[in-house]
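Okay, everyone, thanks for coming. Let me put the sequence and the model up on the screen, and then we'll walk through it together.

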Amino acid sequence: MKIAILGFGTVGSGVYEIVKTLKNIEVKKVLEKDLSKINIATNNYDEIINDKEIELIVECMGGLHPAYEFIMKAIQNKKSVVSANKAVIAKYLDEFLKTSKENNVEFRFEASVGGGIPCLASIQKIRRVENIDKFYGIFNGTSNFILDNMYRLENEFFTSLKTAQKLGYAEADPSVDIDGYDVTNKVIISFALAYDGFIKNEFPCFTMKNITKEDILYFKKQGFVAKYIGEATTKGNEYEASVMLNLFPINALEANVLSNYNIVTVQSHTMGEVKFYGQGAGKLPTANSIIQDILDIQAKISFNPISIEKKYIYSSNLFKHKYVIRSNEELKGNFERIDKDGNNFYYYTKEITQADLLKLVEEKDYLVVKLSEY
């Protein structure tokens with residue numbers, strides 16, 4: 001099979017590196033502005049589209065545009081597409097699947113969630129046997145690195161962020177990771193495979209950048225570790241999802257996920273809880289997932305046909321949970337417990353709905369943390 005790669009950055013070059021070790025796949029063209037990077041580079045996309053030998057295109061560009069246009073043009077020209085681009089997939093998955101079906105080609109995206117962890121394929125395998133009750137996990141390596149650094153080295157948030165940037169785990173503008181946009185996209189994509197429906201980002205997403213060294217030390221004294229969690233579950237045609245900090249007991253598996261690693265948990269009736277742990281990003285782990293998709297397409301392997309026809313409505317009153325709200329001012333409300341540590345008040349709520357929580361915090365800059373039930 002002859003393929004083309006769009007973008008020759010970290011992931012694109014990783015795909016090329018692995019393909020060179022395989023006998024049955026050949027990279028014929030690479031779309032890249034810098035033609036000196038590789039001898040098969042072109043800066044003309046039409047050169048790839050019009051090449052009838054190229055059966056599949058790997059999109060490693062990132063961002064929404066021109067990734068969306070390039071993917072659609074490839075599918076419309078009857079070329080299968082494999083992508084790791086969670087932003088464009090979370091926004092346009094319905095269009096990509098519909099158009100690929102109309103053109104009798106494949107659109108695959110295993111590497112968009114969990115990097116090198118085969119969690120989407122595993123969700124599909126579980127789903128073909130039974131319904132999935134819920135999924136949750138640490139979906140973002142950058143945020144986990146920051147929280148782990150704060151916990152183990154007792155650093156301030158922005159000190160840990162700078163370390164992450166120096167090591168290449170965080171971008172110069174880290175908002176996608178620390179404000180939850182990346183995790184939101186991954187929840188939307190995982191939801192599509194877990195529940196056969198395509199949801200939008202209408203569920204609560206709390207930034208993690210409000211957490212301080214003082215908070216980490218306070219929670220440590222209480223026997224908790226903070227982790228940034230994305231999760232979703234359904235009840236009938238309603239769903240609840242969130243992206244927010246969660247507190248785990250120090251002996252929980254999630255509490256012991258170090259550095260930039262990810263862990264994703266899927267819960268179903270006969271399987272119970274199944275956990276998928278590994279490198280959530282990185283050149284070769286992500287490239288490996290892309291290659292797996294290519295080989296599956298080549299071998300016509302499908303774990304479960306993807307359908308996102310079910311309609312779900314977000315409900316903020318579906319389930320009740322306990323939360324901790326940190327403020328340096330007194331809050332009004334019927335709380336289960338209130339702690340004062342230094343200048344901070346920690347308000348422990350009773351079991352309340354997401355709607356109740358949103359009313360309590362309104363749009364104020366409080367730290368909001370969920371007491372994990374897992």
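Let's start with Lys 86 and Asp 182: their side chains meet in a salt bridge, with N and O 3.6 Å apart. Keep in mind that what you're looking at is a predicted model.

So where do those two residues sit? The domain assignment splits the protein into domain 1, residues 2–108, and domain 2, which is made of 129–279 plus 312–371. Lys 86 belongs to domain 1 and Asp 182 to domain 2. How many salt bridges are there between the two domains? The count is one. As for residue pairs in polar contact between domain 1 and domain 2, with both at pLDDT 80 or more, the count is zero. On the domain 1 side, the residues touching domain 2 break down into five nonpolar, three charged and no polar ones.

Now for the interface as a whole. Eight residues of domain 1 are in contact with eight of domain 2. People often describe an interface by the accessible area that is lost when the parts come together. Here, about 610 Å² is buried between domain 1 and domain 2, and carbon and sulfur atoms supply 74% of that. Who gives up the most on the domain 1 side? That would be Lys 86, Ala 90 and Leu 93, which together make up 72% of what that side buries. So our Lys 86 turns up again. Measuring stick aside, the domain centres, taken over C-alpha atoms, are 33 Å apart.

Next, the UniProt record, which is an unreviewed entry. It annotates residues 7–110 as "Aspartate/homoserine dehydrogenase NAD-binding". In the model, that stretch is 40% helix and 19% strand, and its end C-alpha atoms are 18 Å apart. The record, again unreviewed, also lists "Homoserine dehydrogenase catalytic" for residues 118–295. That span comes out at 41% helix and 26% strand, with 14 Å between its end C-alpha atoms.

Back to salt bridges for a second. The whole structure holds 23 of them. One to look for is Glu 17 with Lys 283, where the closest N and O atoms are 3.3 Å apart. Why pick that pair? Glu 17 is in helix H1, residues 10–19, and Lys 283 is in helix H11, residues 283–298, so the bridge ties together parts that are 266 residues apart in sequence.

Last stop: the backbone. Most peptide bonds are trans, and most residues other than glycine have a negative phi. Now find Pro 66, in the loop between strand S4 (54–59) and helix H3 (67–76). The peptide bond from His 65 to Pro 66 is cis, with omega near 10°. Then slide along to Lys 78, in the loop between H3 and strand S5 (80–83). Lys 78 isn't a glycine, but its phi is positive, near 60°.

Definitions and conventions. Residues are numbered from 1 along each chain as its sequence is written. This is a predicted model: local features need pLDDT of at least 70, side-chain atom pairs count only at pLDDT 80 or more; totals for chains, interfaces and linings use all residues. Side-chain values use heavy atoms; hydrogens and water are left out. UniProt positions are given in the numbering used here, feature names are shortened, and annotations may be inferred rather than shown by experiment. Helices (H or I, at least four residues) and strands (E, at least two) are DSSP runs, numbered from the N terminus. Domain bounds come from an automatic or database domain assignment. Contact means heavy atoms within 4.5 Å. Buried area is the accessible area (1.4 Å probe) that two parts lose on being put together, summed over both. A salt bridge is a side-chain nitrogen of Lys or Arg within 4 Å of a carboxyl oxygen of Asp or Glu. A polar contact is a pair of N or O atoms within 3.5 Å; within protein, one must be able to donate a hydrogen and the other to accept it, and residues adjacent in sequence count only if both atoms are side-chain atoms. Ala, Val, Leu, Ile, Met, Phe, Trp, Tyr, Cys and Pro count as nonpolar, Asp, Glu, Lys and Arg as charged, and the others, Gly among them, as polar.
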